[in-house]
Protein chains: 2
Amino acid sequence: MALHFLIEDAAGSGPGDVVRLTGAEAHHAAAVRRVRVGESVTVGDGRGAWLTGTIAAASPKEVAVEIDSRTDTQAASPRTVLVQALAKGDRDELAVQAATELGVDAIIPWQAARSVSRWDAKAEKGVARWRTIVREAAKQAHRAWIPAVEGVVRTADIAALAQTSLVLVLEPSASERLTTVADAGAVADRDVVLVVGPEGGITAEELSTLAEAGARPVRLGETVLRTSTAGAAALSVLSAAHGRW
Amino acid sequence: MALHFLIEDAAGSGPGDVVRLTGAEAHHAAAVRRVRVGESVTVGDGRGAWLTGTIAAASPKEVAVEIDSRTDTQAASPRTVLVQALAKGDRDELAVQAATELGVDAIIPWQAARSVSRWDAKAEKGVARWRTIVREAAKQAHRAWIPAVEGVVRTADIAALAQTSLVLVLEPSASERLTTVADAGAVADRDVVLVVGPEGGITAEELSTLAEAGARPVRLGETVLRTSTAGAAALSVLSAAHGRW
């Protein structure tokens, strides 16, 4: 598989143009990955443009790619959105990374009642960190679109999403199964919003706020999944059921 | 959801018996989780026995559970087996942990050509470490069976499994999709063995050794998955397709 670069500046480029990698990414490509003049690579802009090209120059300060071809891919519609509760350790970050690899379209951080990690005054920093993780994961996964990371929300904001989207709350004690919902065509033309709680679980109060707004609690198997595993498993089931895979 | 304990000694216990938690696990239950006399809990032995009980005594040195009921669950047959390549960082351990939560039946460590981590002389220590991770993950996930962790294998050993099992090699460049294989009933009555390569990927030589023996390279979506994500995603697709979820 060809080496892949993410160059946001490449947005307007097409065949014959030259796009450049600089800074730490040029150093990594030239000094660590040892990219060579003449080598075929792919370049994305993270907004749907997918370019193939050939290395025209490679030094640790700058790598230049001459573009051979360009394809543009549409953003997914309807979208699959992950609402991920803030969680202790690096469990929320692992969840965000895996979801990006698996094709999620947008990610919303959730300050849940049992979230041990609290962003409060540092919400901007938290969102910025998740955006960095998502950008790196999208590059590693060779995705044409970088998922959006939205601002941190509270439970009422998630409940409001149920007016226009199919909101599915992953909850091990739910009686309904995700596989049934995914197969039954409940999705129609709406965004699917997957809600994943923190390590300590979703509270009864949060569950009832969400359910009253029309969100549906669903479970996967019979086991209890960590917050870093639940979203990835649910996204995999949905991608398979909806023919994305 | 009731607090759950894993007590291997509980294997022969039934209603009316008392089983005991000691050492670090008793301390955790009594001092950290603050379990109380009279509280309902569940107890597994990791070999299929599933007990419900009531806390009869709780101190940081010993927690006693009086058993109320016992259910025995059969081990899965055919099994789903994960062959996980050794990988750098903690990526192989994260993979093993997630696979256990998601219901894998057995795990086999693979010393692949591009495995940066090499167990060589320390294979016993490596297997012991994976067994500890799997035991903890099975307990957290409330699984009745702890997946077996087998000895480390080389590529030829995996090829040999294709004589009796359906061996699926996760490879982003494969033309066949896992979703197609999972739906087409290719599984029949055989164990399914999922092979996940290291961070650097499976070599062409390894792929051809496996394919010549009858293993089938398959991919999930269009993206490139980390070794810690690939097995979890594939297990999720298989569990949904085969009605386990």
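Student: In which sense, parallel or antiparallel, do strand 9 and strand 11 of chain A pair, and over how many bridges?

Tutor: The general idea comes first: strands of a sheet pair through backbone hydrogen bonds, either parallel or antiparallel. In this predicted model, strand 9 (residues 166-170) and strand 11 of chain A pair in the parallel sense, over three bridges. Within strand 11 of chain A, A:Arg216 is the bridge partner of A:Leu168.

Student: What is the strand order of the open sheet in chain A?

Tutor: The order is 8-7-6-10-9-11, which gives an open sheet of six strands in chain A with parallel pairing. Strand 8 (148-149) and strand 11 (216-218) of chain A are the edge strands, each pairing on one side only. As to the wider inventory, chain A has seven helices and 11 strands, and its C-alpha trace spans about 60 × 40 × 30 Å along the principal axes.

Student: Which residues touch the most other members of the largest nonpolar core?

Tutor: In soluble globular proteins, nonpolar side chains tend to be buried together. Here the largest nonpolar core has 113 residues, and those touching the most other members are A:Leu168, A:Leu194, A:Val195, B:Val167, B:Leu168, B:Leu194 and B:Val195. Take A:Leu194 as an example: leaving out residues up to four places away in sequence, A:Leu194 touches A:Leu82, A:Val83, A:Leu168, A:Leu170, A:Gly231, A:Ala234 and A:Leu235. For chain A as a whole, 43% of the 245 residues count as buried. Of the contacts in chain A between residues at least 6 apart in sequence, 76% join residues at least 24 apart.

Student: How does one read helix 7 of chain A, and what span should its 15 residues have?

Tutor: An α-helix has 3.6 residues a turn, so residues three or four places apart point the same way. For helix 7 of chain A (residues 227-241), a rise of 1.5 Å a residue gives an expected span of 21 Å for 15 residues, and the end C-alpha atoms are 22 Å apart, which agrees. Burial is the next test: 15 of the 15 residues of helix 7 of chain A are buried, so this helix is largely enclosed by the rest of the structure. Just after helix 7 of chain A, A:Gly243 adopts a positive phi of about 70 degrees.

Student: What does helix 7 of chain A give to the side of chain A that touches chain B?

Tutor: Across the interface, 28 residues of chain A are in contact with 28 residues of chain B. Helix 2 (91-101) and helix 7 of chain A are the elements that give two or more residues to that side of chain A. Helix 7 of chain A provides the largest share, seven residues. The residues on this side divide into 13 nonpolar, 10 polar and five charged.

Student: By what turn can chain A be laid on chain B?

Tutor: A turn of 180 degrees, with a shift of 0.0 Å along the axis, lays chain A on chain B with an RMSD of 0.0 Å. The two copies are thus related as by a two-fold rotation axis. The same surface serves both copies, since 100% of the contact residues of chain A recur in chain B.

Student: Is A:Trp245 buried or exposed, and which residues does A:Trp245 contact?

Tutor: A:Trp245, found in the segment after helix 7 of chain A, counts as buried because it has 21 C-beta neighbours inside 10 Å, the cut-off being 20 or more. Apart from neighbours within four places in sequence, A:Trp245 is in contact with A:Ser239, A:Ala240, B:Arg177, B:Thr179, B:Leu220 and B:Gly221.

Notes: Residues numbered from 1 in each chain as written. Chains lettered and ligands numbered in written order. Predicted model: local features only at pLDDT ≥ 70, side-chain atom pairs only at ≥ 80, totals over all residues. Core = buried A, V, L, I, M, F, W, Y, C linked by C-beta atoms within 7 Å. Buried ≥ 20, exposed ≤ 12 C-beta atoms within 10 Å, placed from the backbone. Contact = placed C-beta atoms within 7 Å. Helix = DSSP H or I, 4+ residues; strand = E, 2+ residues; numbered from the N terminus. Expected span 1.5 Å × (residues − 1). Nonpolar A, V, L, I, M, F, W, Y, C, P; charged D, E, K, R; others polar. Least-squares fit on C-alpha atoms with pLDDT ≥ 70 in both. Pairing = 2+ DSSP bridges.
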